[in-house]
Amino acid sequence: METGLAGKAVLVTGGASGIGRACVRAFEAEGARVGVIDRDGTDAAIVRADVTDELAFAAAVDGIARRLGGLDVVVGCAGISGPVGTPLAGTTAADVSAVLAVNVTGQFLLAKHALPWLGDGGSVVLLGSDSAFVAAPGMVPYCASKGAVVAMTRALAVEVPGVRFNCVCPSVVDTPMARGDLGAVLDDPAFPVQAPHDVARQVLFLASPASRPVNGQALLADFGMSARSAFPA
Ligand SMILES: NC(=O)c1ccc[n+]([C@@H]2O[C@H](COP(=O)([O-])OP(=O)(O)OC[C@H]3O[C@@H](n4cnc5c(N)ncnc54)[C@H](O)[C@@H]3O)[C@@H](O)[C@H]2O)c1
């Protein structure tokens, strides 16, 4: 597939690790010019900012957009999982607020501050999760945050003419986040796991003019797990 991304200006948040880092590499392999924001990471090219700190984050977005001469593509990968595996009684309001602050408010701030730099035909791809649609016990804050990302993606697509907003919603991906939450379960061959570059390819498609009519959508990539009915067959 011709992605048409060569020379395009791309901003990736959360690009120091996991899916974000795979996205940075995938866009660079297409010949795009990529700016990265993360609160962490050792690469000198990363602009350090926390997506929940509006002033610092907006300044980081502006700095990268100015250096790249505007933005064509914006990818929101910064995210946290929160207290995975914690029963409801042990989950605090502070836990919920912390997860929503990064996964929802952080994505909102990304859209808000990137928008002035995005021209007609721009594309924004946010990281949702299959947790927007299906749940495992002990993940209430995370599932709530990812449901909000799907709804916010639709709302942004309706609100902003000329720029497309979509989100990718992968099942478990082998990244430091998932390793920290699930450990060796990821190595069980019976358990379907994606690699970060699998998700990066989904992001490339939604970022590319090849997906021109796709707007306001959530790409649920879960090996068909959520498609199965309860019918006993
Ligand atoms: N790994 C999975 O199984 C999986 C599945 C579905 C969706 N996702 C989503 O994909 C995205 C990337 O996750 P990942 O698995 O690559 O995790 P990861 O922990 O490997 O990478 C997340 C990156 O986000 C950065 N980050 C976190 N909070 C930040 C903040 N406040 N400000 C700036 N940067 C911040 C981290 O420093 C890190 O570099 C997340 O939104 C996550 O919810 C992950």
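Let's start with disulfides: this predicted model holds zero of them. C167 is in no disulfide, and its nearest cysteine sulfur, that of C169, is 3.9 Å away. C169 is in no disulfide either, with the sulfur of C167 as its nearest at 3.9 Å. A disulfide needs the two sulfur atoms within 2.5 Å, so this pair doesn't make the cut. As for accessibility, C167 is buried, with a relative accessible area of 1%, and C169 counts as buried at 0%.

Now for the ligand. How many residues surround the ligand? There are 29, and the closest are S17, D38, Y142, V173 and T175. Here are some polar contacts with oxygen atoms of the ligand:

| Residue | Part of the residue (N or O atom) | Distance to a ligand oxygen |
|---|---|---|
| S17 | side chain | 2.6 Å |
| I19 | backbone | 2.8 Å |
| D38 | side chain | 2.6 Å |

Taken alone, the ligand exposes 820 Å², and the protein buries 94% of that. Which elements give two or more residues to the shell around the ligand? They are α1 (18-29), α4 (140-159) and α5 (176-182). The largest share, three residues, comes from α5. Sorted by character, the shell has 16 nonpolar, eight polar and five charged residues.

Finally, take a look at T91. You'll find T91 in the loop between β4 (71-76) and α3 (93-114). Is T91 buried or exposed? With a relative accessible area of 17%, T91 is buried, because the cut-off for that is under 20%. The T91 side chain reaches the backbone oxygen of P87 at 3.0 Å. Setting aside neighbours within four places in sequence, T91 is in contact with P83, T86, V96 and P141.

Methods: Residues numbered from 1 in each chain as written. Predicted model: local features only at pLDDT ≥ 70, side-chain atom pairs only at ≥ 80, totals over all residues. Heavy atoms only, no water. Helix = DSSP H or I, 4+ residues; strand = E, 2+ residues; numbered from the N terminus. Buried < 20%, exposed > 50% of the residue type's maximum accessible area, 1.4 Å probe, protein only. Polar contact = N/O pair within 3.5 Å; in protein donor to acceptor, adjacent residues only side chain to side chain. Contact = heavy atoms within 4.5 Å. Near = heavy atom within 4 Å. Areas by Shrake-Rupley, 256 points an atom, 1.4 Å probe, with all protein chains shown as cover. Nonpolar A, V, L, I, M, F, W, Y, C, P; charged D, E, K, R; others polar.
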